[in-house]
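User: Please take me through this model by question and answer, with the reasoning kept short.

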Amino acid sequence: MPVLQGRPASFRLSAGCSGPGSESRRVYRAILRAFALIMGLAAAQSAGPSAARSGRITRRGKTVTPNLHITNHPLALHKLTILRNQKTEPKKFREVVRELAMMLIIDATADLPVVELPITTPMGAAVGYKLADNIGLIPILRAGLGMVEGALDMLPSAEVWHIGLYRDERTLRPVEYYNKLPVSPTVQVCLVLDPMLATGGSAVATVDILKRWGAQRIKFVGLIGAPEGVKKLSEAHPDVSIYLAALDDHLNDIGYIVPGLGDAGDRQFGTA
Ligand code: PRP
Ligand code: URA
């Protein structure tokens with residue numbers, strides 16, 4: 001299978017042929033291959049950070065949101081494959097969720113302001129930098145818990161504020177069961193952590209809670225999104241940027257992301 005930079009090719013070409021007329025078929029297939037390669041590269045570009053910057057991420061020709069950032073990093077693609085594999089055990093699954101969270105946090109914090117910090121190196125005076133803002137990590141229980149350690153590896157001074165929501169299995173609507181946010185905000189930037197953005201109900205409810213709390217700047221950091229969830233979150237909160245490792249195809253009739261990875265909470269905590 002041909003390998004495109006940063007993204008697996010989404011097409012498969014058959015092996016060469018022989019026999020009468022094979023020359024013209026070879027030429028025809030070479031043209032098809034070149035066309036497919038160009039289309040594949042275009043798809044990889046349209047799903048990458050450069051497309052997010054240009055404000056047009058599309059899926060099946062539909063504009064989803066200008067605020068969607070999908071990492072195109074080969075390591076993220078590899079790690080996501082481990083998570084998608086139904087044979088991956090909870091221990092490995094948790095390890096990879098943590099690693100992917102680290103990678104996505106790098107993306108999600110790329111535009112945060114810094115302030116100068118004068119320091120002294122062994123060679124003399126230098127100007128260093130530190131983040132200008134206090135950062136809050138807001139994992140949505142349960143599945144968001146698995147992203148906290150990776151996020152804290154990158155942002156050791158971040159505060160962690162948990163929000164507990166579960167999806168009602170019948171209505172798919174989020175039900176809040178835990179919230180211990182202090183009376184007024186203690187951070188300037190909130191990074192909401194949840195591996196799955198399915199219908200978007202849990203993410204929208206969490207951002208609603210944070211905005212009522214007085215949060216100034218909020219970003220959503222997840223692993224896999226469905227187009228339905230991305231649309232719902234970006235329509236309800238267009239100011240919230242979304243950082244994902246993949247935008248999948250669709251939701252099934254019980255609200256699970258396809259192809260997805262199954263139930264992110266169950267797979268981390270062995271409760272399937
Ligand atoms: C999962 C997931 C999200 C939510 C996404 O949690 O972790 O919070 O579903 O779905 P949505 O976009 O349709 O709201 P779940 O309700 O299964 O709870 P759990 O993490 O406790 O298992
Ligand atoms: N929650 C999950 O854990 N997985 C999905 O696919 C959808 C919601």
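Analyst: A nonpolar core here is a set of buried Ala, Val, Leu, Ile, Met, Phe, Trp, Tyr and Cys residues joined through C-beta atoms within 7 Å. The model is predicted.

User: How many residues are in the largest nonpolar core, and which helix gives the most to this core?
Analyst: Ile-138, Ala-151, Leu-191, Val-192, Leu-193, Val-221 and Leu-244 have the most contacts inside the largest core, which has 55 residues. The helix that gives the most, with 8 residues, is H4 (residues 90-108).

User: What should the 19 residues of H4 span, and how far apart are its end C-alpha atoms?
Analyst: The expected span is 1.5 Å times one less than the number of residues. For H4 that comes to 27 Å, which agrees with the separation of its end C-alpha atoms, 26 Å.

User: Which residues of H4 are buried?
Analyst: A residue counts as buried if 20 or more other C-beta atoms lie within 10 Å of its own. In H4 the buried residues are Phe-93, Val-96, Val-97, Leu-100, Ala-101, Leu-104, Ile-105, Asp-107 and Ala-108.

User: With which residues is Val-192 in contact, leaving aside neighbours within four places in sequence?
Analyst: Val-192 is listed among the core residues with the most contacts inside the core. Beyond four places in sequence, its contacts are Ile-138, Ile-140, Ala-203, Thr-206, Val-207, Ile-218, Phe-220 and Val-221.

User: How does the shell around ligand 1 divide by class?
Analyst: The shell around ligand 1 holds 24 residues, with Ala-143, Ala-198, Thr-199, Ser-202 and Gly-265 the closest. At least two residues each come from strands S8, S10 and S13 and from helices H6 and H8. By class, the shell has 13 nonpolar, 7 polar and 4 charged residues.

User: What is the class make-up of the shell around ligand 2?
Analyst: Ala-143, Met-196, Ala-198, Gly-255, Tyr-256, Ile-257, Gly-260, Asp-263, Ala-264 and Gly-265 surround ligand 2. They divide into 6 nonpolar, 3 polar and 1 charged.

User: Is Gly-255 buried, exposed or partly exposed?
Analyst: Gly-255 sits in the loop between strand S18 (250-251) and strand S19 (257-258). Leaving aside neighbours within four places in sequence, Gly-255 is in contact with Leu-172, Ala-198 and Thr-199. Because Gly-255 has 17 C-beta neighbours inside 10 Å, it counts as partly exposed.

User: Over which residues is the pLDDT below 50?
Analyst: The chain averages a pLDDT of 84, and 76% of the residues score at least 70. Beyond near neighbours in sequence, one stretch below 50 has 27 contacts in the model, and another has 36. The former covers residues 1-22 and the latter residues 34-58.

Methods. Residues are numbered from 1 along each chain as its sequence is written. Chains are lettered from A and ligands numbered from 1 in the order in which they are written. This is a predicted model: local features need pLDDT of at least 70, side-chain atom pairs count only at pLDDT 80 or more; totals for chains, interfaces and linings use all residues. A residue is near a molecule or strand if its C-beta atom, placed from the backbone, lies within 6 Å of it. Ala, Val, Leu, Ile, Met, Phe, Trp, Tyr, Cys and Pro count as nonpolar, Asp, Glu, Lys and Arg as charged, and the others, Gly among them, as polar. A residue is buried if 20 or more other C-beta atoms lie within 10 Å of its own, exposed if 12 or fewer, and partly exposed in between; C-beta atoms are placed from the backbone. Helices (H or I, at least four residues) and strands (E, at least two) are DSSP runs, numbered from the N terminus. Two residues are in contact if their C-beta atoms, placed from the backbone, lie within 7 Å. pLDDT is the predictor's confidence in each residue, from 0 to 100.
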